[in-house]
Amino acid sequence: MFDHFFVESPDRRGLEQETEDAILALAAMTADPPAVRHHLERFVDNHPDRWPILAAWLRDPQLRRRLVLSIGNSPYLAKVLHRWPECLQATDAPPLDIAAENSQLLRKLSTVSSWNEAARLIRSHKHRCFFHIGSHDLSGESSLTTVVQAISALADGCLEAGYQWLDRTLAARYGRPMVQTETGQSEPARFVILGMGKLGARELNFSSDVDLIYLFDAAVGEVEGCCTLSIKEYYNRLGRDFIRLLGESTAEGQAFRVDLRLRPEGESGDLAISCRSAELYYESWGQTWERAAMIKARPVAGNLAQGEKFLAWLRPFIYRRYLDFPALEAIREMKRKIDQKMARAEDYHRNVKLGYGGIREIEFFVQSQQLIYGGKNGSVRHRETLVTLEALCAAGLLAEETSRFLAQAYQFLRTLEHRLQLKHDQQMHSVPEDPEAFERLSKRMGMREGTELQARLTATTQGVHAIYEALFFEAEKQWQSSCQPEIEALLACEPGEPHALALLQKAGFNDPEQSVVLMGILRDGPRRDMTEVTRRWYRRIAAPLLQEILQAPDQDMAIRHAETFLTSLGHRVSYLALLLENPPVLSLLVRLFGTSVLLSQFFMKHPELMDRLVDRDFCQHYRNRGALATDLADRLADVAEQEERFNLIREFKNSETLRMGIRDLSKTAESPEVMAGLSALADVILARVLEDAQQELQKRYGDPQAPFLILAMGKLGGRELNYASDLDLIFLHGEPAESREEEKNKISHTLYFTRLGQRIITGITTLTRAGKLYELDMRLRPSGNSGTLVTSVTAFLNYQRTEAWTWEHQALTRARVVVGDPVLSSQLQQEIRAIIQQPRDLEKLRTEVREMRQRMFEDKKPGEGWIDIKQSRGGIVDIEFLTQLLILACSARHPDIVQNNTARGLYACQQAGLLSMADYTLLEEAYGFYRLLENRLRLLHGRSENRIGPSPVVREQLRRLCDLPTEKEVVTVLMDYFNAVYPIIRAYFDGSSPLLPSSPPVRA
C-alpha cells in the first residue's frame, strides 16, 4: 500500500514494516481506508519538504492514530491538511493552545487594513484550529466537553478579532461613537455581542451557526468624526459587515455563519439594539421561548462587562421567583410545533438534533426544569447541558438514573452529530438511509459495524423520548385516562337543578347545598374579572381537583378548603400549572384539605408553600437541630432588613411545620419524632430571634458583658412540643462583669436585658404577612406575671431554693436551656438538678401535688358532653403529675430518673423500680395515645385543642386520623385508658402503692 515510502532517497526515508502495518491497521478502522493512502501520497507529492515531519507523525503511535483516523474519516480535515500543511507541527512542538492562537490572530489583524486579508486570516485560523480539535476528537483523545469548549473558545476568538478589526476600521472611516454621561461628559460607547444557544453554553458544533445578539449601551449619542452618524446606525453598519466578514464564502470557505434571529423582535427588529430598548422589550413582550434562549446567553465579544451587567438585569425575567410551571406549557407548545413540522419530514427518525428522541428533546427537558425551578434554586442556573443535569440531580429535582441516562444520551448524540459534520464541514444532523453510508458512519463512531450503531441509536432515542414524554405529556395523559364520567356530571351541577343535590349527596357530600355552590367555583374559577387565559387554567384543574376531593378523608372539608385555596390564588395560575404537572402533589394537597384545618391553612394563606411539595426530598428525612439551623442561616445570610427577616423566619417555620405534618399524616414519622422535630424547630427559631435582637441592641448600646439564657419549660422543655403549642419561657441573665451606667450612651444591665426580652417577645409574636411564630407564656418566671421580665440566674436560683412552691418545682423538672452561653447553661442545669434532687418530706410532697392536681381539675374540667384528654381523671396531666411526683420524691436516691421528657421519665422510674412493668407499660401506651390524639385534634381544628366535643362527625374524623379500626370509637378507647390509668395514679397519690407507700415498710 505504501511501497513508495520505502524508497531510499535524499528527500524520502523509508518507513519501517512495523509502522506500515500500524498504518494499515488504523486505516482499516476508518470510513474510507483507500483515502488514507491517497491523502498521504498527495501530501508528500505536494509538500516534499514536509516529509520529515510527516514521517515523524507516522512513527509516533499517538500522532499516527490522530492523523490516520482524521484523514480516513474526514475529507474536510484532509482538505485542511493539504491547504495548510503547517497543521502538522514538529513532534516536539507544544500542543496547540487555542487561547494563544486567538491572541496571535488579534496581533496579526492589528497590522491588516485589507478586508480580504482580514477575512483570509480569520478563516485560515479557524480551519487550522479545527484540524487540531477534530483530530483529537476522532482519535478519542478529547472528551465531548473538551471538544465543544475548544470550538466555542475558537469561535470567541474569531468573533472578538473580527469585531475589533471592524470597529477599528469603521472608527477610522466615520469617527469614534460617543455617548453623553449623566454628568454631561462624553465617553466612548460600549458595544457587546451576546453569544446564544450552543455558543453561549460553550457547546458549539463543528459546523454550527453562531447565534448572536448585538447590544450597545445607549441610544443617545453620535459618532465624533468626519461625518454625522448616530450610534445606532454605526453599530448597524458594524453588524452588517460582521455577518459578511465571518460568514461570507471566500476561497478559504467560511469562518462562522452568523444568525441574528434570536434578537428582540427577530428578523423584523433592528440589527443592533440599545440595552435599554432590549430591557423594555423583554419586560413588556418577552416570551417563554426567549427566556429559555436567554438561559444560555453569554457575552462573547466587545465590552464583556457591559454584557454581564445586562444579563444580571435580565435574570429575574429568565428565572421567576416562583416555581414556574406555566413555562412548561409554553415549551411544550413550542416543541409540539417543531414535532409537527419534523413529523412530516422524511428524516424525523434519523435527525439526531430535531427528530425523535434527539438532542433538542434533551435540551428542552433541561431548560424547562431550569425555568421551573431556577427562580427558587440558584444552583440549577447553568448554561451547559451536562452541568445542569448534574445540578438538577444534586438538588433532588431529577432522579440519578434519569440524569445519568440523559447525560450519556446527550454525549452520544452530540458525538454522532460531530461525526456527521466533520465529514465535509457541513450542517448535517441526519444519519444516512443508505446502508453503505451508514456503515461508514459507524466506523467514524469507532464501531465495528452498522448494527452496533443502529442498536445504540435506537435505544438512546427511545429512552430520551420516553423521558421527554413523561415530563411534557404524562401528567396530561394521566388526567385524561383517569377522568370518570360522573366527574363531568358533578361539575355541571347548578343551584336549583332538581337532581343536583341528590347527585352530590350520592357522591358522598354531607352538605350538598353548599357543595353545589362550590362546584361552580371549581368549574369557572373564583372571580368574575379573570381573563380567558386564566379561566382556562381553572377549567383544566377542575376535573382532576374534584376527582381527588372525592377520595379525600372528609369530602366536605376538602371542597371547602379547596374553594378557599382557589380564591386565595386568584390570577396566580402558576400554582394551578404546578398541580396539573404533578399529580402526586395535587393528591397530597387535597388529602391535607380533607384531613387537617391546620395544614390546610398554611396553603390557603400561603400558596407559595406549594413550591416545597415539589422538592424531591422535602418530606423524606428527619432534620435535626443542626440541619434546621444551617438551613435558616443560609436563607437569612443576605437579608438585612428586619421586616423581611421576620417574614423569612415565619415562612421557614411554616414550611418546616408543614413538612413535619406531612410526614406525620403519611405515617413516615411517629409521634415522638414529630414532637422532637417541632421542639428542635422552636429551639432554632428562638436562637435566631435572640441573636438578631442581641445584634440590634449591641449596635446601639454595646456589649453587656453578661450572658443571656432562654430557659424552656413545659412541653418545649421536655421536647414534647405539639402543633399550635404555646412556648413556656423564662428569660435569665448572668452577672455583669462591670457597671454600664458610667459609660456614655450605655444603659443599665437591668434595662438592657429588659429591652432584650421585649425584643425577643416582639420577634416571636409580631404578626406579619407570613403569620405569627408562637404564642408565649411567661407565667412560670419567679412571681409570675407580676415579676420582672428578665431575672438574673442568681435571683432565679435563690427563689427556687427558698420561695418556690411545690408546683413550681414540678415545672422545674421539665426545665431546659434552649439557647445561651454554654458555660452558664451547664452551671444552671446542674443547679436545677440539685434543687430537684433535694430531700423532701414525702407526705407533704404527696399532699401538695394531690391538692394542686385537684385545683386544676376543678378549674378546667370540661362541660357536659365534652371530654378533655389533658385534664380528665387518668389523662395527660395525671400521668405528668405522677412522673413529677416520683422525680421529686425519689431522685435523691435515684438520680437517673431526673428527665425533662415525660416518656423518658416514666421509663427511668420503671428501671429504678418505682413503677411495675405492668403499670409502666399501660402508662406509656396510654400517654402515647393521648399525645397522638392531641396531635390529631390540633391538626383537625387548626388550633391548640385538647377537648373532644359530642359531634359524631368529629369523632369519626379522629378515629380515621388515629388509624383505629372501624369497629372502635375514639371515645371508647379513650375512656378505657382513663379507667385503667386513674387507679394507678390514685394509688401513688394516696400512698397505697407498695412502690411508694405512705410510710417506710417495717423491717422484719
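User: Why is Phe-191 called buried?

Analyst: Its relative accessible area is 1%. Buried means under 20% relative accessible area, exposed means over 50%, and partly exposed is in between, with a 1.4 Å probe and protein chains only. So Phe-191 counts as buried. Tyr-214, at 0%, is buried too.

User: What kind of model do these values come from?

Analyst: This is a predicted model, where local features need pLDDT of at least 70, side-chain atom pairs count only at pLDDT 80 or more, and totals for chains, interfaces and linings use all residues. Residues are numbered from 1 along each chain as its sequence is written, and side-chain values use heavy atoms, with hydrogens and water left out.

User: How many aromatic pairs does the structure hold?

Analyst: There are 21 aromatic pairs. Rings of Phe, Tyr and Trp (its six-membered ring) pair if their centres lie within 6.5 Å; planes under 30 degrees apart count as stacked, over 60 as edge-to-face and the rest as tilted.

User: What makes Phe-191 and Tyr-214 a tilted pair?

Analyst: The ring centres are 5.9 Å apart and the planes stand at 45 degrees, so the pair is tilted. Phe-191 sits in strand E3 (residues 191–195) and Tyr-214 in strand E4 (residues 210–216). The pair links distant parts of the chain, 23 residues apart. Helices (H or I, at least four residues) and strands (E, at least two) are DSSP runs, numbered from the N terminus. Both rings also belong to a cluster linked by ring pairs, with Tyr-163, Phe-216, Tyr-234, Tyr-235 and Phe-242 as further members.

User: Which aromatic pair does Tyr-282 form, and where do its two residues lie?

Analyst: Tyr-282 pairs with Phe-317. The rings are 5.3 Å centre to centre, with 40 degrees between the planes, and the pair is tilted. Tyr-282 is in helix H11 (residues 275–285) and Phe-317 in helix H13 (residues 304–318), so the pair ties together parts that are 35 residues apart in sequence. Tyr-282 and Phe-317 are buried.

User: What makes Arg-244 lie over the face of Trp-115?

Analyst: A charge sits over a ring if NZ of Lys or CZ of Arg is within 6 Å of the ring centre and within 35 degrees of the ring normal. Arg-244 is at 4.3 Å from the ring centre of Trp-115. Lys-126 lies over the face of Phe-256, at 5.8 Å from the ring centre.

User: How many disulfides does the search count?

Analyst: Zero. A disulfide is a pair of cysteine sulfur atoms within 2.5 Å. Cys-129 is in no disulfide: the nearest cysteine sulfur, that of Cys-158, is 7.3 Å away. Cys-129 is buried, with a relative accessible area of 0%.

User: Why do Glu-141 and Arg-66 count as a salt bridge?

Analyst: A salt bridge is a side-chain nitrogen of Lys or Arg within 4 Å of a carboxyl oxygen of Asp or Glu. Here the closest N and O atoms are 2.8 Å apart. Glu-141 lies in the loop between helix H7 (115–138) and helix H8 (144–174), and Arg-66 in helix H4 (residues 61–73), so the pair ties together parts that are 75 residues apart in sequence. Glu-141 is partly exposed at 31%, whereas Arg-66 is buried at 10%. The whole structure holds 54 salt bridges.

User: What separates Glu-417 and Arg-414 in helix H17?

Analyst: About one helical turn, because they are three residues apart in helix H17. Their side chains meet in a salt bridge at 3.1 Å, N to O. Glu-417 is buried at 0%, and Arg-414 is buried at 0%.

User: Is Arg-931 buried or exposed, and what is it in contact with?

Analyst: Arg-931 is buried, with a relative accessible area of 1%. Arg-931 lies in helix H41 (residues 917–941). Contact means heavy atoms within 4.5 Å. Leaving aside neighbours within four places in sequence, its contacts include Lys-715, Glu-720 and Asn-722.

User: What is notable about phi at Asp-425?

Analyst: Most residues other than glycine have a negative phi. Asp-425 is not a glycine, yet its phi is positive, about 55 degrees. Asp-425 lies in the loop between helix H17 (400–422) and helix H18 (435–444). At 19% relative accessibility, Asp-425 counts as buried.
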